[in-house]
Each structure stands twice: as C-alpha cells, then as structure tokens.
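Below is a short note for a colleague who is opening this entry for the first time. The points go from the chain as a whole to one sheet and then to single residues.

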Amino acid sequence: MAEHVVRAGLPRVGLPTGGFDVDAGRVLAPDLAEPDAVEDDPAAERALLLEAQRIARMGSWTLDVRTGQAYLSDGLRRLCGLPARAALPDLLSLVHPEDIPVLTDFRLRLGRQRSSQPVELEVRDDTGERTYLVRARPEFDQGGQVVRVHGTVQDFTKFRALERQLSQDGRLFREAQRVARLGTWEWNTETGDCLWSSMLYELGGLEPGSKITYSDYLRLVHPDDRGWVDQRWQELASTRRPVECEHRVIRPDGKRRVFRVRGEAAGLDGDLHIMIGTAQDVTEQRSTETRMQRSSKRFTDLVAITPVGIALFDDAERLVDANDALCSLLGMDLERLRGTTAEQLTHPDDREHRRVRESHSFHSGQRVLATAAGKPVYCELNATVSVADDGQRFWLVVFADVTDRRRAAERLRYQATHDELTGLPGRAAVKELLGKLLGGRDYERIALLFCDVDNFKRVNDSLGHDVGDELITALARRLERGLPPSCTVARMSGDEYVVICSDVEEAGGVEALANQAASLLRTAVPVRDQLLRVSACIGAAVPSGPETSGADLLRYADAAMFAAKARGTGRVSLASDKLIASANSQMLLEGQLREAIMNDQLVLHYQPVVGPDGTVLSAEALVRWPHPERGLLAPGDFLPVAEQGDLLGELDRWVLRAAFTEAAEWPQLCGGVLGASVGIAVNLAGLVPGDPEFVDVVSACVAATGIAWDRVVLELVETSLIDLPSRSREAMAELVERGVRFAVDDFGTGYSSLARLKELPAQIIKIDRRFVSGVATDASDFAVARALVDMARAMGRSCVAEGVENATQFHVLRGVGVDAYQGWLLSKPLPAREFREILKLGPVHIPSGA
C-alpha cells in the first residue's frame, strides 16, 4: 500500500476479531463486537461490511496493546494486496521507507492520547504511487490505560490527485488572469452587490476583499464613458443578451486605464438576477495600436513625399498603389499604372533576359524601366515581401532612379580606361582588349606596336607642355586616320602610343604595319604657328604561342622599341627570339628586384660632399643591389628594370627610409655652407613633388627615423623641376619651410635655358660632370661652370660640382667659387661603416696646388 498507518513501534495491545467504526464508536462485525450488539444474521452483516469497505476502498484493523495481537480485516487485506494469513508486520512492510518516521510519530501521539478522539496521518505505499489515510482511536480501561487501538485505512489516492488537480487548475487560472491582466466578476442585479476576483481588485487599484457594489464600479468608469456604459449593463440585465464593450477607467490612485469588459447572464437555474463576466486591462494593446496607426500614417505620408519611386504589388505582381515620385518618373498617372505587372513596366531591352533568369520580378539590383514615351530609365530596385492584415502577401518595392549615376559611372569608366588628353584608350583598356583578343581562336593574327616619339622632352622643355599636348593629340589623330580598320590606337603614357592590330594579315604583315606607323609619325606637325618635325621609334611583337599574355606582348614590343631607340631616331625593330628571351630575363630581374625591395635586400653606399677645406658637409646615398647570382649591381644595371616595372617609387621610398635611418646615427661633426651638420642627400626618380603623397611619404620617413629636417637634401633632375604646377610647388615649399633643401641634379643637361635657373624652386645647384670633366681644358665648359656659379651666388643658391676626378679640376672649380665638391678625387662611394670612419677622421685630404 502507498502510505500506511500502523508500524511496529505502536503499543502492543490485543485486538478484537471485528472492525470498528471510529466515527460512530461501535463495532462493525459481530465477531468483534460485544455480545449484546450482535445482530440476528452475523454472516449477512459481515458480508455487508466487506462490501461497504470495498466500495469505500477502506479496511479496518484492531490492535490489542496488552497481548500485541492485531486483527486485519479482509477488506484491508484486499485493499493492500495481502494474503489471508498476513499479519501486522506484513502490512507495515508495505510503507514507503521515507514515511517510517511518520509512523513513529503516530505511535507517540497515540501513546500520549488521553481521549477517544481519533488520530490521523497519511502515508504512501512502497512504490510511492498511492496515498492512504490512516485513522486510529484508542480504547481505555477503567484506570485510563490504553487497552486497544481501533483504526481504518482508506485509499486516498484519487482524492489527493483530484485535490492536486484542482489546486493546479486554480493556480493556472490565477496565473492566466495575471498574464492576460484579466479579472472575473459577478453582479447581482437585484441587490447591486458584486463579487470580484483578486486580479480584478488589482486591475482596479482597490483593496482586495473590500465590498464592491455596482455603483462602486460605475464610479471607476471615466465620467465621459459612464452614461453609455451604464446603459449597456442595464441592457444586459433586462435582455440577458451578452454584452461586450471597452471603456476608460480612472483608478483611485489617478492612473487611467482601458478595460475591455464582457458580460452575460449566469446559467443558474431559477436565479435571473446573477450576471457574470470578465474585465481585461487592454491599455498597453490600445496604446500600441495607436502608435502603430500613427506610425502607419507617418509611413504613408513619407511614401507620398519621398523623392524615390515606391509601389505596392499584389502576389500576382500587379501594381496596386504607387507614390507620386514613381508616377512622375514613368510619366504616367496612378490610374494608368494600376494593374500593370512588373514585366510590363520593364523596358523591352531588359525584359527578355530577366524572363529567362528570374523566377519572380523583384530581385534586388538594377532594372531598366520604360517611361510612357518608351524612354529607358535605370533604377536601383529594392524589394521586400510582407503580409497585409487580411493575410494576403504583397511586395513593397522601391525604385531609385540611378540613370544620372549610371551615366556618371560610364563617364568615369571611360575616363579610367581612356586618355583624357587624346580620348584614346588607356593602359587599362589596352590590357582588357589584349586579354580578349589573345583568348580567342585568331590569336595568331594579332600584332602589337609600341611607339615612342623621339626627343619629345625637348619639345616640352623648350616650348612648354601645352605645345607638347597639342603635338601628342595631332599625332594620335594621324594614327587613327592612317592605320587600317583592324587597328586600335591607344596611349600608354606621355609620348608612348600602342597600336593593337586584330588582323595583321589585313595590314600586309607586321613589318609593313610597323613601317606604316613609323611613316605616319615621321612628319611635320603645325602647332601654334610652328612646324615641328617629329619621328618615333617603334617596336613590334606578335604572340609567340597560345600561352602569350597581354603583359608578355607589351613587354616584347617595349623591348623591341628600346632596341630601335638604341639604333637612332625613327627606327623600327621587330621582337626576335633573342629579344624576347632578353625581355623575359628582364621580367625575371624585375621580380627579383621587387622582392629585394620588399625584403630589405638592397644596400646603400655614401659618397661625401666636401667643402673647399675638406670638411664633410653631406653625403649622397647611392643604392646598390647585392644580387645572389650576379654580384653587387650598380644603379645603371637595375634602374632601367625598375623604370619598366614601375618600381621607381617603391625604390625611392626604400632609399629614403634606409638613408634617414643611417644618417640619424651619424655624429654631428662639422658644419658649413650647406648646413650646421652632416646632411644626407637622396636622389629621387619615381617619387616626385607632383605625387599626391610626396609630402606625406617624406614626412613619415623623417618622423620614423628622428632625423633633423635641416639635414635632409632631396635631389631631383632638372627636367622634373621645369614648369612645375602650383600643387607641386606648394608641396616643395611646405617641406622647405620645415628645413628640407632641394638640389637640381645634373644641371645643364636639360633643354631649359640658363634664364630658367631663377624659376627653379631649389636651394642647391649641382653642375653636371660633363661640364666638370672639361673645365680645365675646354673654354666652353669653363665658361658654363663660371656662369652657373655666378648666377647661383647672385640668387642665393649653393653650387656643388659633381664628378671631380683630379686635382686640376678641383683647383679650377675652387677658383671660380664652387661651394662644395663630389667625386672620386675626394672619396669613392663607401659602405656605411667605412663612411662613419671618414666622419670620425675629420676633413678629407685636399690636393695641394692652385
């Protein structure tokens, strides 16, 4: 059994042979009762007793305290599943182990009992699945001692389960009311009394349990709603038809709420005055609905005034509604647009391929719509699917007009792929076209010409960039007009053209095509009332096989062009196998150089620049490349490779960082006309003042190394300083203001006149070694050197002589007033460690004599 009453710890008493009705106080079976209580038919009464115990799921027992004998009724044995000869220990063994202490307490309570009042407890059976109610009443002798204990055991499992279910239902109902903020009520229309649930008290802000009448309820209703609310409830009382309404409530604490109330007549038979119902606080829901309505109104207004087109489409992709912006964009009124499908709005040119690719019409991305006049309108489409209140799916689609943006993008693409000056395709377009042609089946018919105008820098330097631009444009038009239709003319840079021929056989072969281009570029061009005679060197190349790429073909033609230049002006050269092998070698060397720059595998040597007394004023950093296979390479061996591979800028950045880092550690040994300490000069070729990042790169190197600004000398060739645009001059001026000095390297070798010396934004003039070499033997060189020195001094500039190789040159130059000297006579370029030793020794040796 589940929870049993009796245990071995009870007082040992003898028991009668029958059951005992604890509540009635009499013996139930004749064999247990006193003789005068036995009925006429004991067997029938016993059977009746057993049937009653079975129906009540009850059994009885008696314990004789004196003898310890116990009696278990048949009903009890059947209830607990015990055999006919089972005794009290068998019954107690069925008690759940956790309930043994309860039985001990039960025994003690019976032992202390001094009245015949019954004692109760509940225990579980050994499985814990059933619950039993045990009741016991002690019987006393004349001396007040317990002589017997009579009791019953009843299976209470169903009762307890029902109690738990009712308790759980009640708890869930209360929780549901709390979560739903819903209370229940009852109203007696005859007396006006009301019964409210605890939740309704809480919703109304009233003290739980306080007396409530119908009038009290009406006083809670908002004054503006009270009249019609009372009318509705009186209709319920008179017609007994269900009523539902919403009204405002003002609680005693002043808070305003909204109640949704439902009521109907109670289903009680014979009582027509009882009404029941619910009241739910829906304040938050109504507030949310109000906000949503306002938000929807704002959204509708926003859609109406937004400048982009917005439309609603039903699930069949038919337009239901649209704003004014879309109507204006397409040139149609709303009535004309309604019912049209997304496909019908799409321009015919854009419609067919979308029909094949898309399962529905509202993929985000660009789409071409058609106006009422059939004009295409490019739109950026964004769409989302949603569900209306009635459950119908619809599409909200935004059409942003990007026609102008698309045209601007096309212009930008054209500008990115075409030369701004001539309108010819540029480098990017050349690569794209070559890739397309070389990827086709007729790649063997392709030829490429690389054309470079001879002495074009002379035109720029002597006549100005505007004249040079007009010449470049005129030559571009000549090539376009004079070459076969299968040829595409492009401009790579400066004075370089590329001709891509898709069918060289049509042009009569690659050699004939190259000669034709050379003939077109060998001409006299009238520019600003001047007749400029020009020519060009041309390199030609054809694919060496199907694996030839566009970059390969450009390199082969470029190498052939350099070979043509080496033979003179106006020459033509075809890329031979030997030339291609050389170009491939150059490409390999270019890759190695790129890796050497990235991995700091270059070194710097330093050649001192000294004053007339031998004081070291500065040093020029000269880059060297310790090639793993070819040994130490001088700049002349790899600078052309760097130029062709567009590595000059990266090379300049590396030299700046390395030179500034080294120079920052030199001791400050001497000063002079070039500065108060030993300066460091870096010759720039790829990084020039016209670059947008020129100032930032130099500033970053100075900041990273900590070198003083006034120790920095940046050398630029003369031609890079002629006709500088204002932006470049501003960049130089910004650095000069910080202390940087600029030097004109190889001055006198450009095509500018000496008068332009005044315009150069530089503080130092370096006389080219070609003038220095003949200064002691050639009167012209001497005159040039002296003129340069005089002009530099007059303009407040310093003068440095390059390539001083013997004492005679040194003394002549010192005689004309040169400020500083650089050359092997004084010192060859030295590794960093050896140059430091020069600095430690002090002034270098100056040759004696005059």
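1. The accessible surface of the chain comes to about 43300 Å², and 51% of that area belongs to carbon and sulfur atoms. Please keep in mind while reading that this is a predicted model.

2. On the make-up of the chain, there are 28 helices and 36 strands, and of the 850 residues 46% are buried. When contacts between residues at least 6 apart in sequence are considered, 58% of them join residues at least 24 apart.

3. One sheet deserves a closer look: it is an open sheet of six strands, paired in the antiparallel sense, with the order 11-10-9-14-13-12. Strand 11 (212-213) and strand 12 (243-250) each have a single partner strand and stand at the edges, so one side of each is left without a neighbour in the sheet.

4. Within this sheet, strand 9 (residues 182-188) and strand 10 (residues 193-196) form an antiparallel pair over three bridges. In that pair, Trp 187 has Cys 194 of strand 10 as its bridge partner. Helix 5 (residues 157-180) packs on the sheet, where it touches strand 9 and strand 14 (274-281), and its direction makes about 105° with that of strand 9.

5. A further helix, helix 8 (residues 223-239), lies across strand 9, strand 12, strand 13 (256-265) and strand 14, and it runs at about 150° to strand 12. The loop between helix 8 and strand 12 holds Arg 240, whose phi is near 60°, a positive value in a residue other than glycine. With a relative accessible area of 30%, between the limits of 20% and 50%, Arg 240 is partly exposed.

6. A positive phi also occurs at Asp 600, where the value is near 55° in a residue other than glycine. Asp 600 sits in the loop between helix 20 (577-598) and strand 27 (603-610), and because its relative accessibility of 55% is over 50%, Asp 600 counts as exposed.

7. Is Asp 454, in its loop, buried or exposed? Asp 454 lies between strand 20 (447-453) and helix 16 (456-463), and its relative accessibility is 8%, which is under 20%, so Asp 454 counts as buried. Leaving aside neighbours within four places in sequence, Asp 454 is in contact with Ser 535, Ala 536, Cys 537, Lys 565, Thr 569 and Gly 570. For one of these, Ala 536, the backbone nitrogen is reached by the side chain of Asp 454 at 3.4 Å.

Terms used: Residues numbered from 1 in each chain as written. Predicted model: local features only at pLDDT ≥ 70, side-chain atom pairs only at ≥ 80, totals over all residues. Heavy atoms only, no water. Helix = DSSP H or I, 4+ residues; strand = E, 2+ residues; numbered from the N terminus. Buried < 20%, exposed > 50% of the residue type's maximum accessible area, 1.4 Å probe, protein only. Contact = heavy atoms within 4.5 Å. Areas by Shrake-Rupley, 256 points an atom, 1.4 Å probe, with all protein chains shown as cover. Pairing = 2+ DSSP bridges. Axes fitted to C-alpha atoms, helices over the stretch in contact; angles between N-to-C directions. Polar contact = N/O pair within 3.5 Å; in protein donor to acceptor, adjacent residues only side chain to side chain.
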